[in-house]
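This briefing concerns the charged side-chain pairs of a single structure and where they sit. Please read it alongside the sequence and the coordinates.

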Amino acid sequence: MLIVALVLSSLISVYSLLLVARGLLSWTNYSRDSKVYEICFIMTEPLLRPIRDFLFRYETFRSCPIDFSSLILIILLSIASRLLFLFV
């Protein structure tokens with residue numbers, strides 16, 4: 001069971017790095033047509049979209065120029081990773 005938790009924790013860490021990479025790429029002039037950005041977008045958007053939709057229900061987040069969905073997802077993934085080891 002510990003090995004499963006370690007593998008899942010590693011996958012969560014890799015996914016978090018993809019989220020950070022996507023954020024960094026969005027701040028640069030890196031082409032959105034590139035394969036790197038496309039891979040980051042395809043792999044991260046399915047989990048970011050529901051969080052973004054939830055946040056945009058509130059005027060505070062809708063009018064804010066910063067998208068907090070990546071930060072919230074990284075926090076949720078970190079909590080999930082820690083909970084994995086709590087139940088092992």
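**Salt bridges and their surroundings**

In this predicted model, R22 and E45 form a salt bridge in which the closest N and O atoms are 2.9 Å apart. Because R22 belongs to helix 1 (residues 2–27) and E45 to helix 2 (residues 35–55), the pair ties together parts that are 23 residues apart in sequence. The structure holds 6 salt bridges, and a network of such bridges links R22, E45, R49, R52, D53 and D67.

Pairs within helix 2

- E45 also meets the side chain of R49 in a salt bridge, with an N to O distance of 3.1 Å; these two residues both lie in helix 2, 4 residues apart, which is about one turn of the helix.
- R49 forms a salt bridge with D53 as well, the closest N and O atoms being 3.6 Å apart, and here too the partners are 4 residues apart in helix 2, so that about one helical turn separates R49 from D53.

Burial and exposure

- Both partners of the bridge between the helices, R22 and E45, are buried; E45 counts as buried because its relative accessibility is 10%, and the cut-off for that class is under 20%.
- R49 counts as partly exposed because its relative accessibility is 39%, and D53 falls into the partly exposed class with a value of 41%.

Background

- Side chains of opposite charge can pair when their charged atoms come close.

Conventions
Residues numbered from 1 in each chain as written. Predicted model: local features only at pLDDT ≥ 70, side-chain atom pairs only at ≥ 80, totals over all residues. Heavy atoms only, no water. Salt bridge = Lys/Arg side-chain N within 4 Å of Asp/Glu carboxyl O. Buried < 20%, exposed > 50% of the residue type's maximum accessible area, 1.4 Å probe, protein only.
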